[in-house]
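Please look over the sequence and the model below with this report at hand. The sections go through aromatic pairs, the sheet, the helices around it and a few individual residues.

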Amino acid sequence: MDSNKNSLDARIARYNKHYGFLENPRKFSLACNPHRLIVRNFALRNNRRDLYEEYIRNFYPDKAIKELGEFDSCLMYLKFLTNEEARYWFTSNDTKVVESDIQVSESDAILRMLFVENEQDRKDLLHSDKSIVLNRVTPESILKSRDHFWIDTRIC
């Protein structure tokens with residue numbers, strides 16, 4: 001657990017250097033707060049609801065019940081897939097765009113499928129804003145980058 005905690009702390013420090021969320025926590029909404037996304041990612045992958053609950057209750061107490069319900073739902077549908085399994089899942093669900101929670105290049109980023117109505121919608125979703133959280137990419141591009149994936153398999 002110590003190495004996991006160190007990697008969580010190191011990631012928080014690295015992302016904070018870019019975003020400054022520790023110094024300015026009110027600058028970010030719940031949906032796009034890098035600190036929340038990092039803690040949530042770690043808690044989901046390590047089945048540590050207690051850690052995420054503590055974070056949410058400290059920083060967003062008025063949203064805790066709803067957010068913890070969302071966490072529990074995601075945990076039920078979170079899968080660790082090989083490249084081949086991910087490719088099959090993307091294809092069978094006609095996935096056009098995926099969004100990562102943390103930086104998409106990180107091997108433990110959790111991906112989720114975004115609904116795409118048409119080609120213009122796809123292009124709009126893929127427009128890059130240089131953010132290091134909530135990156136949007138095509139399944140084809142992410143499949144080239146690694147052998148395993150964390151995927152939230154809920155269809156939204």
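## Aromatic pairs

In what follows, the rings of Phe, Tyr and Trp, the last through its six-membered ring, are taken as a pair if their centres lie within 6.5 Å. In this predicted model, the structure holds five such aromatic pairs. One of the five joins Phe80 and Trp150, whose ring centres are 4.8 Å apart and whose planes make an angle of 50 degrees, and this pair is classed as tilted because planes under 30 degrees apart would count as stacked and those over 60 as edge-to-face.

What parts of the chain does the pair of Phe80 and Trp150 tie together? Phe80 lies in strand E1 (residues 78-82) and Trp150 in strand E5 (residues 148-152), so the pair links parts that are 70 residues apart in sequence. The two rings have their own degrees of exposure: Phe80 is partly exposed, with 46% relative accessibility, whereas Trp150, at 18%, counts as buried because the limit for that class is under 20%.

## The sheet

Five strands make up an open sheet with mixed pairing, in the order E1-E5-E3-E2-E4. E1 and strand E4 (136-137) stand at its edges, and each has a single partner strand, so one side of each is left without a neighbour in the sheet. Strands of a sheet pair through backbone hydrogen bonds, in either a parallel or an antiparallel sense.

E1 and E5 are paired in the antiparallel sense over five bridges, and within these two strands Lys79 stands opposite Ile151 of E5. E2 and E3 are likewise antiparallel, with four bridges between them, and Ser100 has Leu111 as its bridge partner in E3. E2 is also joined to E4 by two bridges, with the two strands running antiparallel, and there the bridge partner of Glu99 is Arg136 of E4.

## Helices packed on the sheet

Helix H2 (residues 34-45) lies across E1, strand E3 (110-114) and E5, and its direction is at about 105 degrees to that of E3. Helix H5 (residues 83-92) also packs on the sheet, where it touches E1, strand E2 (97-100), E3 and E5, and it makes an angle of about 115 degrees with the direction of E1.

Arg45 belongs to helix H2, and its side chain makes a polar contact of 2.6 Å with the side chain of Asn41. Leaving aside neighbours within four places in sequence, Arg45 is in contact with Arg11, Leu78, Asp108, Ile110 and Trp150, the last of these being the residue that forms the tilted pair with Phe80.

## Strand E2 and Ser100

In a regular strand the side chains alternate between the two faces of the sheet. Which residues of E2 are buried on its two faces? Val97 and Glu99 are buried on one side and Val98 and Ser100 on the other, so that both faces of E2 are covered.

Ser100, which lies in strand E2, has a relative accessible area of 2% and is therefore buried. Not counting residues up to four places away in sequence, Ser100 touches Ala109, Ile110, Leu111, Leu134 and Asn135. The side chain of Ser100 reaches the backbone oxygen of Ile102 at 2.6 Å and the backbone nitrogen of Val104 at 3.4 Å. Ser100 and Lys63, which are 37 residues apart in sequence, are 22 Å apart in space, taken from C-alpha to C-alpha.

## Other residues and the cysteines

Asn33 lies in the loop between helix H1 (2-19) and H2, and with 3% relative accessibility it counts as buried. Beyond its neighbours within four places in sequence, Asn33 is in contact with Phe21, Pro25, Phe28, Tyr55 and Tyr60. Glu53 is found in helix H3 (residues 49-59), where it is partly exposed at 23% relative accessible area, and a polar contact of 2.9 Å joins its side chain to that of Arg57. Between Glu53 and Glu99, which are 46 residues apart in sequence, the C-alpha to C-alpha distance is 23 Å.

If a disulfide is taken as a pair of cysteine sulfur atoms within 2.5 Å, the count comes to zero disulfides. As for individual cysteines, Cys32 is partly exposed, with 34% relative accessibility, whereas Cys74 is buried, with a relative accessible area of 1%.

Technical notes
Residues are numbered from 1 along each chain as its sequence is written. This is a predicted model: local features need pLDDT of at least 70, side-chain atom pairs count only at pLDDT 80 or more; totals for chains, interfaces and linings use all residues. Side-chain values use heavy atoms; hydrogens and water are left out. Buried means under 20% relative accessible area, exposed over 50%, partly exposed in between (1.4 Å probe, protein chains only). Two strands pair if DSSP finds at least two bridges between them. Contact means heavy atoms within 4.5 Å. Axes are lines fitted to C-alpha atoms, for helices over the stretch in contact, and angles run from 0 to 180 degrees between N-to-C directions. A polar contact is a pair of N or O atoms within 3.5 Å; within protein, one must be able to donate a hydrogen and the other to accept it, and residues adjacent in sequence count only if both atoms are side-chain atoms.
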